[in-house]
Structures are given as C-alpha cells and as structure tokens.
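Thank you for making time for this at the group meeting. I would like to walk through one protein chain, starting from a single residue and then moving outward to the rest.

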Amino acid sequence: MIVMIDGNCHGPAERKREMLDIADKLGVANDHLVFGVPDPHIERWLLDQSALQTVVRADIRVDAPEYKCERDLYKRRLREALNGVGISPLAGGVEYAATIMQHVDLMKPGCGDSQIPEFADGLRRLCRRLA
C-alpha cells in the first residue's frame, strides 16, 4: 500500500506515526506500506525547475524557498513561475502536476525535499518484494 500525505509542517516522522497507528488498527502489516510525506507540502515537489522547463518548453525561473510553512506559498510560486513565461494557469498551476511529476528525477533530492528519495527507495523495496 502506498500512502501519500502532506507533512503540513508537522514533519514526516509525526505523519508516518499517525499512518502507522491507523494501519495497525486496520491490521495492515508495516512491511506492506510505503510512505510519501512531502515536507512541508507536496506542491514543493512541483517547483522542480528542470521538470518545469521540460513541461512548459521554456526557460522558466522558479523561486523555490528551501522550507517554509506559509500556507499556499508553493502554489503561489508555481503560478508566478508559469506567469513569468506567459502561461496563465486556470487552476494556479496544479493542473500541470501529473505532467510535472513525470519529469521529476526521484533519484536526486529534488525540490529541496529530502522525502523524495526516501519515497523512491520505499517504492523500489516494495516492487522487489512483490516481484
């Protein structure tokens, strides 16, 4: 089972503990779980400059602060980056999320979020276990 939940500035450890408690109550074995806990918010993952450049096919500039718990900051920065190359996203840019994530390199600490490589490692372990 793959569990994705925003850190929402509570941190990955606290969020994982919460999910493990729920899984335990449901009888789900811990070794069948992979957690993706974007910290502080998943929208931070969408600010990967290389992925954005590939998606919009433009020399986009992203102002991606290292770590801020300010609500909607990363969504606003995504919208500003897209506006900077002449794109006016109707949903603020999140409508590009699936396409952007196809181009994010999960093998590097992208977007300043150390949780991306940990999530990728967990997925690899789970796939090997199921193979």
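I begin with Asn-8, which is partly exposed, with a relative accessible area of 35%. This residue lies in the loop between S1 and H1, and although Asn-8 is not a glycine, its phi is positive, at about 45°. Please keep in mind throughout that what you see is a predicted model.

A second residue shows a positive phi without being a glycine, namely Arg-57, where the angle is about 50°. Arg-57 sits in the loop between H2 and H3, and with 76% relative accessibility it counts as exposed.

Let me now step back to the overall layout. The secondary structure of the chain comes to five helices and two strands, and along the sequence these follow the pattern β-α-β-α-α-α-α. Taken along the principal axes, the C-alpha atoms fill a box of roughly 50 × 35 × 25 Å. The chain has 131 residues, of which 40% count as buried, and its accessible surface comes to about 7600 Å², with 52% of that belonging to carbon and sulfur atoms. If we take the contacts with a separation of 6 or more, residues 24 or more positions apart account for 62% of them.

Back in the loop that holds Asn-8, there is another residue I would like to discuss. Asp-6 is placed in that loop, between strand S1 (2-4) and helix H1 (12-26). Which side chain of opposite charge is nearest to Asp-6, and how far away is it? It is Lys-75, at 7.4 Å, and Asp-6, though buried, has no salt bridge. Since a salt bridge here requires a side-chain nitrogen of Lys or Arg within 4 Å of a carboxyl oxygen of Asp or Glu, the distance of 7.4 Å to Lys-75 does not qualify. Leaving out residues up to four places away in sequence, Asp-6 touches Arg-15, Val-37, Pro-38, Pro-40, His-41, Ile-42 and Glu-43.

Two of these neighbours of Asp-6, Ile-42 and Glu-43, lead us to other features. Ile-42 joins Ile-2 and Met-4 in a nonpolar patch on the surface, and together they have about 250 Å² of accessible area. Ile-2 lies in strand S1 and, at 48% relative accessibility, counts as partly exposed.

Glu-43, for its part, meets the side chain of Lys-75 in a salt bridge, with 3.9 Å from N to O. That pair links distant parts of the chain, 32 residues apart, with Lys-75 in helix H3 (residues 73-84) and Glu-43 in the loop between strand S2 (34-36) and helix H2 (49-56). Are the two partners buried or exposed, or something in between? Lys-75 is partly exposed, with a relative accessible area of 32%, whereas Glu-43 is buried, with a relative accessible area of 15%.

A search of the whole structure finds nine salt bridges, and I will mention two further examples. Arg-61 and Asp-59 meet through their side chains at 3.1 Å, N to O, with Arg-61 exposed at a relative accessible area of 55% and Asp-59 exposed at 54% relative accessibility. Arg-124 forms a salt bridge with Asp-121, where the closest N and O atoms are 2.0 Å apart. These two residues are separated by about one helical turn, because they are three residues apart in helix H5 (residues 115-130). Arg-124 is partly exposed, with a relative accessible area of 29%, and Asp-121 also counts as partly exposed, at 32% relative accessibility. As for networks, salt bridges that share partners join Glu-43, Asp-72 and Lys-75 into one.

On the charges as a whole, the chain has 18 positive and 20 negative ones, and their mean positions are 2 Å apart.

I would like to finish with Pro-89, which is found in the loop between H3 and helix H4 (97-102). Pro-89 is buried, with a relative accessible area of 13%, and, again leaving out residues up to four places away in sequence, it touches Arg-79, Leu-82, Asn-83, Glu-95 and Tyr-96. Measuring from C-alpha to C-alpha in the model, Pro-89 and Gly-7 are 25 Å apart in space, and they are 82 residues apart in sequence.

Note on methods
Residues are numbered from 1 along each chain as its sequence is written. This is a predicted model: local features need pLDDT of at least 70, side-chain atom pairs count only at pLDDT 80 or more; totals for chains, interfaces and linings use all residues. Side-chain values use heavy atoms; hydrogens and water are left out. Helices (H or I, at least four residues) and strands (E, at least two) are DSSP runs, numbered from the N terminus. Buried means under 20% relative accessible area, exposed over 50%, partly exposed in between (1.4 Å probe, protein chains only). Lys and Arg count as positive and Asp and Glu as negative; His and the chain ends are not counted. Contact means heavy atoms within 4.5 Å. Patches are made of residues with over 30% relative accessible area and no salt bridge: like charges are joined within 9 Å, nonpolar side chains (Val, Leu, Ile, Met, Phe, Trp, Tyr) within 5 Å. Accessible areas come from the Shrake-Rupley method with a 1.4 Å probe; for residues, only the protein chains shown count as cover. The place of a charge is taken as NZ of Lys, CZ of Arg, CG of Asp or CD of Glu.
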